[in-house]
Amino acid sequence: PRAMELADRVASWFVTGVLVVAVCVGFIWWQIAPERAFEIVLAVLVVTCPCALALATPASFTVATSALAQRGFMLRRAGALQVLSRITDMLLDKTGTLTDSGAQLQKVEPFRKHSKAEVLAIAAALESRSEHPVAKAFPESEYADVVKDIRAVPGEGLEGKVNGRAYRIGRAEFAQGLAANRDHGPDDDRDGQSVVHDTETRSVYLGDENGILARFEIAEQLRPGAAEMVRAVSAAAIRITIASGDSPQPVRALARKLGINHLFAALRPGEKLALVRQLQAEGRIVAMVGDGINDSPVLAGADVSIAMGSGTSLAQHSADCVLMSASLRPVAEAVSMARRTMRVVRQNMVWAIGYNVIAIPLAASGVLAPWMAALGMSASSLLVTMNALRLGWQKDTGDMADKDAAGCGSPMEQAR
């Protein structure tokens, strides 16, 4: 972290300064009282040992990192905690992030006189090769072993061959893209929503070269701790925005239930990244929370990013932090811990500098004996260490305490 790099530089300058001061003090006392020169120079060198200054920052970061790991929040990159303490905006993905992996297939609606069993088997075969949370809603398929040429299109869906025939599953527009004509199935709406307008379900479409074969309605569950996390982060004056690839209606419904006022729906991966760039251009410091392959660009582009432990390996590799917990609450705890860590770092630095400002003149004037200087140096180091250890003792309250906020939750979904 930059804070540790700065502390290391200050400590190196400090050591050089102490050596210069010791030489000057020794020369002066050699002129005044040669018999005391060695004792006083020794006191100056001992009392100004830069241990407290060197420990002030790394001790705080180490304790905070350990405490967060115990909560299931893993830091992958050194500077993430420092940036997390300064964020002004948090962007949340939907499917697999605000919702968990408990997706359930609610309805199968075949078109063009295909049977439910037939379209379900084909769709399940394609989804068996997907890491997307929605794929878990589909059962095992008898065609799983004959799926070939699978290609994932971020933000759209999957394309592959089952028994030598090409199919697509995902967004309505993507699924019908194989067809020479652009006809939809009966009563099919074009925004990817269910025709029964169930705001807690999403629709996934299966298509071949002749058009849409079927629509699958999938219900998702709100991830544990989502409502609490939203309330806590909002209470810390951080603006929360949903950035989802799903259709507007379910996104608005979940935003309303969670009390989130800022939302963007039907975003492609590039559009999510453009949104982050726009916020950064306005001077905002952006955190992104996501889980899918399509979130990788925006996770890499945000100032600090958090990937779900249940998400894809590519998303985790692109992120600064990984949430291993099934609950979203550790995200709020991480923001709280980051802010508290930086406060402790500042407290430790002020103490370490203030101690030396007072101790050096006392030692240089001959007031402190070497044994006193040794006690003062040890006490100073212990003080900054104990102050850092408080990060592991305290609960995550204070500026991230749960406060009553309007609305709480239901599912939201992410771009496929």
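**Exercise 1. Which residue in β11 is the bridge partner of Leu92?**

Solution. The structure is a predicted model, in which local features need pLDDT of at least 70, side-chain atom pairs count only at pLDDT 80 or more, and totals for chains, interfaces and linings use all residues. Residues are numbered from 1 along each chain as its sequence is written, and side-chain values use heavy atoms, with hydrogens and water left out. Helices (H or I, at least four residues) and strands (E, at least two) are DSSP runs numbered from the N terminus, and two strands pair if DSSP finds at least two bridges between them. Begin with strand β2, residues 89-92, which runs parallel to β11 and is joined to β11 by four bridges. Within this pair, the partner of Leu92 is Val289.

**Exercise 2. Place these strands in their sheet, and find the helices that pack on it.**

Solution. The open sheet has seven strands in the order β1-β13-β12-β11-β2-β9-β10, and its pairing is mixed. At the edges stand β1 (73-75) and β10 (262-264), each of which pairs on one side only. From one strand to the next the twist averages 20°. For the helices, a contact means heavy atoms within 4.5 Å, while axes are lines fitted to C-alpha atoms, for helices over the stretch in contact, with angles from 0 to 180 degrees between N-to-C directions. Helix α9 (residues 269-281) lies across β2, β9 (239-243), β10 and β11, and runs at about 175° to β2. Helix α12 also packs on the sheet, where it touches β1, β2, β12 and β13, and its direction makes about 50° with that of β1.

**Exercise 3. Follow the chain into and out of β12, and explain why this strand is largely enclosed.**

Solution. First consider the strand's neighbours: β11 (residues 286-290) runs parallel to β12 and is joined to it by four bridges, with Gly290 opposite Ala307. The chain travels from β11 through helix α10 (residues 296-301) to β12 in a right-handed crossover; right-handed here means that, with the strands pointing away from the viewer, the path from the first strand over the helix to the second runs clockwise. Next, β12 pairs in the parallel sense with β13 (residues 321-323) over three bridges, and Met308 stands opposite Leu323. Together, β12, helix α11 (residues 313-318) and β13 form a right-handed β-α-β unit.

Now turn to burial, where buried means under 20% relative accessible area, exposed over 50%, and partly exposed in between (1.4 Å probe, protein chains only). In a regular strand the side chains alternate between the two faces of the sheet. On one side of β12 are Val304, Ile306 and Met308, on the other Ser305 and Ala307, and all of them are buried. Five of the five residues of β12 (residues 304-308) are therefore buried, and the strand is largely enclosed by the rest of the structure.

**Exercise 4. Describe the six-stranded sheet and its edges.**

Solution. This open sheet is ordered β3-β8-β7-β6-β5-β4, with antiparallel pairing. Its edges are β3 (104-110) and β4 (147-153), each with a single partner strand, so one side of each is left without a neighbour in the sheet. The partner β8 (residues 211-219) pairs with β3 in the antiparallel sense over six bridges, and Val108 stands opposite Phe216 in β8.

**Exercise 5. Identify the nonpolar cores.**

Solution. A nonpolar core is a set of buried Ala, Val, Leu, Ile, Met, Phe, Trp, Tyr and Cys residues joined through side-chain atoms within 4.5 Å. The largest has 61 residues, and those with the most contacts inside it are Ile87, Met90 and Met229. Helix α12 (residues 329-364) supplies the largest share of this core, 12 residues. A second, separate core of 22 residues includes Val119, Leu120, Leu126 and Phe138.

**Exercise 6. Is His317 buried or exposed, and how does Asn387 compare with the burial cut-off?**

Solution. His317 lies in helix α11, and with a relative accessibility of 52% it counts as exposed. Leaving aside neighbours within four places in sequence, His317 is in contact with Arg76 and Arg77. Asn387, found in helix α13 (residues 370-393), has a relative accessible area of 13% and is therefore buried. Not counting residues up to four places away in sequence, Asn387 touches Val344, Gln347 and Asn348.
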